[in-house]
Amino acid sequence: MSNSGENHSALTQLGRQIQAAASPEEAVLERVAAPHPDKNYLVRFTAPEFTSLCPVTGQPDFAHIVIDYVPDQWIVESKSLKLFLTSFRNHGAFHEACSVQIATTLVDLLSPVWLRIGAYWYPRGGMPIDVFWQTSTPPEDVWIPSQNVPTYRGRG
């Protein structure tokens with residue numbers, strides 16, 4: 001993980017053609033200074049086509065991931081986040097492990113005021129698994145909208 005203050009030239013991926021890392025551990029997440037560190041506001045990233053692999057069968061697993069966070073001093077650089085999420089494509093881990101790894105990696109990088117992840121996994125074997133995690137109680141002065149991702153309803 002690397003950081004960047006106001007010097008955006010320190011970013012290694014933005015504006016460059018970069019190949020996705022082979023694993024999340026090899027991915028480079030980058031941060032930039034928050035434009036309003038004196039204000040609480042919500043940043044949302046949505047990845048409706050997240051993919052990883054079942055660690056037992058090697059079959060693909062798919063999820064709709066929603067990441068909400070209230071920045072403190074840093075925001076995540078969005079291209080590096082996209083490449084980080086893409087690095088899970090060939091990564092074998094259970095739904096719970098992938099979901100919490102994404103969230104805790106962001107927390108370690110950004111030290112946000114608050115962060116939550118909603119990972120809405122599509123069913124394999126007939127059962128969807130949704131994973132939710134957050135750092136703490138959300139700040140009272142921030143509007144935090146519902147994630148509005150419908151849970152799996154089968155063929156109804």
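Which strands does helix α2 lie across, and at about what angle does helix α2 run to β6?

## Helix α2 and the sheet

In this predicted model, helix α2 comprises residues 95–110. The helix lies across β3, β4, β6 and β7, and runs at about 160° to β6, the strand of residues 114–121.

The strands beneath this description belong to an open sheet of four, ordered β3-β4-β6-β7, with antiparallel pairing. Its edge strands are β3 and β7 (130–134), each of which pairs on one side only. From one strand to the next, the twist averages 15°.

## The β3–β4 hairpin

Strand β3 spans residues 43–53 and strand β4 spans residues 60–70; the two run antiparallel and are joined by nine bridges. Together β3 and β4 form a hairpin, with six residues between them. Within the turn, G58 has a positive phi of about 80°.

Individual bridge partners can be assigned in this pairing. L53 has P60 of β4 as its bridge partner, while F50 is matched in β4 with A63.

## Residue H95

H95 is located in helix α2, the helix that lies across β3, β4, β6 and β7. Is H95 buried or exposed? Its relative accessibility is 11%, and because buried means under 20%, H95 counts as buried.

Apart from neighbours within four places in sequence, H95 is in contact with D61, W121, I129 and V131. Of these contacts, D61 falls within the residue range 60–70 of β4, W121 within the range 114–121 of β6, and V131 within the range 130–134 of β7.

How values were computed. Residues are numbered from 1 along each chain as its sequence is written. This is a predicted model: local features need pLDDT of at least 70, side-chain atom pairs count only at pLDDT 80 or more; totals for chains, interfaces and linings use all residues. Side-chain values use heavy atoms; hydrogens and water are left out. Two strands pair if DSSP finds at least two bridges between them. Axes are lines fitted to C-alpha atoms, for helices over the stretch in contact, and angles run from 0 to 180 degrees between N-to-C directions. Contact means heavy atoms within 4.5 Å. Buried means under 20% relative accessible area, exposed over 50%, partly exposed in between (1.4 Å probe, protein chains only).
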